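Colleague: I would like to go through this structure with you. Could we take it piece by piece?

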Amino acid sequence: MASVEKYNRVLTIGLDTEGLNLMTSELANVSMYHVDTDDKFEALLEDESEENFIPLIFCGPKLNQFSPYEVAQTIRNTYPQSRIIFILGTTEDLKISTLKKNGASEVFILPNDKSLLNMEFDDVVKLIGSAPGLTRYRAVQLFDIEPEDELPFDLSVFLPMNNKYIKVVKSGDKVRRQQIDKFKEKQVGRVFIDSRQTDQFYDYCAEKLADLNDPNSAMSETERKQKLQTSVRDLFATIHDGSDNADFEVGRQVMKQSESVVAKFLEKKTGISFHKQIEAALGSTEDSYTHASSVSAIASLLSMATEIGKPEDLALAGLFHDVALLGFKHDPYPGDEFVESLEADERKKYLDHPMDAQRVLKTKKMTITPEIVKIIEQHHERNDGKGFPQALSAAKIIPEAQLLSIADQIEYYGQFRPGEQRLSPLQAIDAIEKNGSISLEVLFKVRKVLKSESNISTRD
Amino acid sequence: MFNSETQILIVDDMLTMRKLVKKACKTLGFNNFIEAVDGQDAYQKLQEAPIPVQLIISDWNMPNCSGLDFLKRVRADGRYKELPFVLLTAEAEMHQVKAAVEAGVSNYVIKPFTPDGLRQKLEQTYVKHAGANAA
């Protein structure tokens with residue numbers, strides 16, 4: 001990527017009023033160029049200037065002559081290295097997956113995705129640099145801080161009465177016992193980091209996770225397991241079955257954080273680069289990446305907390321579970337109706353995909369362990385014996401495969417789909433229990449992980 | 001070799017993509033273009049072209065008649081059996097390249113493409129067809 005000091009512009013194309021207002025208010029000090037007419041858009045494509053790299057392009061639906069698909073495809077071809085974000089108010093006439101296949105890096109639907117879009121703006125600020133007035137804060141779930149921990153990032157709290165952020169721990173300083181006691185006493189549920197320090201935050205969480213997963217840790221086995229369960233529970237804890245979108249959006253933010261933490265954890269534990277594995281197996285298709293990344297993170301974290309399987313195995317199984325479905329046109333959903341809706345060749349591809357994963361990975365010169373192969377092969381088997389591809393009886397389905405199935409379904413139920421209700425992870429567990437696909441024993445363990453309320457995990 | 005006089009038929013339902021392909025081809029020195037919005041329109045223009053078309057560059061995903069269906073139609077027509085035909089395909093569609101090869105595609109270009117990438121593919125295409133003609 002070119003030096004951001006040289007190319008510190010953001011380009012907007014066809015944003016509607018809401019999108020434009022949001023951009024200008026959230027990124028007030030960022031230099032932007034607005035393309036708001038068809039003529040300007042065509043002129044952009046004619047631009048012959050050599051220095052035409054723009055790192056960030058925000059697009060909307062408001063050009064008259066050009067559909068979002070056309071905008072995505074042509075802008076992707078004109079600026080192949082840019083991050084292309086779509087901000088839309090509705091997806092009535094659009095398929096998000098098709099928009100991504102045409103070149104969109106990410107698609108946000110307002111107002112539901114406002115919190116996630118804010119995270120995107122955080123990254124804009126991080127990319128563009130430390131211009132004055134551009135500090136953005138991100139709410140995070142802290143991971144088992146202890147006295148004398150040296151945090152590699154600044155930690156702030158928000159004072160609503162003063163409407164300002166106060167730094168309570170400076171990067172590199174050790175956390176004092178009194179500070180932790182105060183957080184506990186005041187039940188401070190959310191703390192904040194400077195959005196430019198998210199990489200340090202994810203590294204810190206991943207180190208903690210790795211330590212808690214290390215059986216050779218200095219802690220007693222009981223203490224280590226208890227801390228691990230509680231820490232992972234805290235990471236999930238904000239994703240509760242809140243009834244309003246604001247809570248749900250915060251939960252989605254935490255999920256995104258979890259993905260980054262698990263990616264770093266996997267790298268530390270196995271030396272495997274999460275992102276490189278995805279790219280090698282799935283190419284740069286953003287849509288597949290997002291689903292695989294989310295399922296991988298959920299499965300891995302659940303594995304840690306429930307002690308079902310090895311977290312690194314579940315992480316890799318999550319990454320590759322749908323590798324044989326690359327290019328599949330449909331958006332699979334749980335249940336027989338989906339399979340019945342497919343044409344014969346598509347149905348075969350879908351029903352065969354668990355068994356085809358290993359073969360597909362071999363064509364990409366990638367190998368996975370027999371344990372991971374088995375998890376992927378069984379991830380669509382069902383407790384009632386009506387799964388596929390082998391219609392295994394309940395006793396033959398390994399719990400790791402059930403965990404992957406749970407993660408897959410939690411990810412599915414948590415997505416925004418027009419006309420459908422999105423479910424929190426706990427609500428998804430209820431739905432999974434109703435659909436009978438998973439054993440009650442495994443569901444019980446997972447429900448235990450997800451059920452607690454959020455607070456900062458602190459230990460004396 | 002294809003030269004500046006080569007008549008190219010560009011097929012894509014998106015106006016802007018046709019412009020981009022044309023722009024890339026102009027960078028490579030080509031000057032003669034016919035444009036079509038889908039496979040059906042393209043087949044008609046192929047037959048009616050005052051100067052014979054010598055190269056087709058077609059998108060894959062189009063309404064009405066896809067790039068693959070257009071390719072099959074072209075190859076079924078004895079007049080165009082050896083006409084160089086390049087398909088533009090998104091990375092997500094790579095699994096369909098096999099179908100295109102079986103249907104007789106000369107080459108494919110993965111989007112997003114650069115003029116240099118397109119040039120390499122056109123060179124390969126020319127060599128392939130020149131070799132076939134010599135045989």
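Modeller: Certainly; what follows covers chain A as a whole, one of its loops and helices, and then a strand of chain B. Please note that this is a predicted model.

Colleague: How many helices and strands are there in chain A?

Modeller: Chain A has 18 helices and 9 strands. Of its 460 residues, 54% are buried.

Colleague: And what is the accessible surface of chain A?

Modeller: The accessible surface of chain A is about 20,800 Å², and carbon and sulfur atoms account for 47% of that. As for contacts in chain A between residues at least 6 apart in sequence, 67% join residues at least 24 apart.

Colleague: Let us turn to Arg382(A). Where is it found?

Modeller: Arg382(A) lies in the loop between α15 (370-377) and α16 of chain A.

Colleague: Is Arg382(A) buried or exposed?

Modeller: Arg382(A) is buried, because its relative accessible area is 19% and the cut-off for buried is under 20%.

Colleague: Which side chain joins that of Arg382(A) in a polar contact?

Modeller: The side chain of Asp384(A) does, at 2.8 Å. Leaving aside residues up to four places away in sequence, Arg382(A) also touches Gly387(A), Leu392(A), Ile397(A), Asn435(A), Gly436(A) and Ser437(A).

Colleague: What phi does Gly436(A) take?

Modeller: Gly436(A) has a positive phi of about 70° and comes just after α17(A).

Colleague: Which residues of α17(A) are buried?

Modeller: In helix α17 of chain A, residues 425-435, the buried ones are Pro425(A), Leu426(A), Ala428(A), Ile429(A), Ala431(A) and Ile432(A). Their cover includes α16 (399-413) and α18 (440-450) of chain A.

Colleague: Why would such a spacing arise in a helix?

Modeller: An α-helix has 3.6 residues a turn, so residues three or four places apart point the same way.

Colleague: Changing topic to chain B: why is strand β4 largely enclosed?

Modeller: Strand β4 of chain B, residues 85-90, is largely enclosed by the rest of the structure because 6 of its 6 residues are buried. Phe85(B), Leu87(B) and Thr89(B) point one way, while Val86(B), Leu88(B) and Ala90(B) point the other way.

Colleague: Which strands are joined to β4(B) by bridges?

Modeller: Strand β3 of chain B, residues 55-59, runs parallel to β4(B) with 4 bridges. Strand β5 of chain B, residues 107-111, is also parallel to β4(B), with 5 bridges.

Colleague: What stands opposite Leu87(B)?

Modeller: Ser58(B) stands opposite Leu87(B), and in β5(B) the bridge partner of Leu87(B) is Tyr108(B).

Colleague: What unit do β3(B) and β4(B) make with helix α3?

Modeller: Together with helix α3 of chain B, residues 67-76, they make a right-handed β-α-β unit.

Note on methods:
Residues numbered from 1 in each chain as written. Chains lettered and ligands numbered in written order. Predicted model: local features only at pLDDT ≥ 70, side-chain atom pairs only at ≥ 80, totals over all residues. Heavy atoms only, no water. Buried < 20%, exposed > 50% of the residue type's maximum accessible area, 1.4 Å probe, protein only. Helix = DSSP H or I, 4+ residues; strand = E, 2+ residues; numbered from the N terminus. Contact = heavy atoms within 4.5 Å. Pairing = 2+ DSSP bridges. Right-handed = clockwise from strand over helix to strand, strands pointing away. Areas by Shrake-Rupley, 256 points an atom, 1.4 Å probe, with all protein chains shown as cover. Polar contact = N/O pair within 3.5 Å; in protein donor to acceptor, adjacent residues only side chain to side chain.
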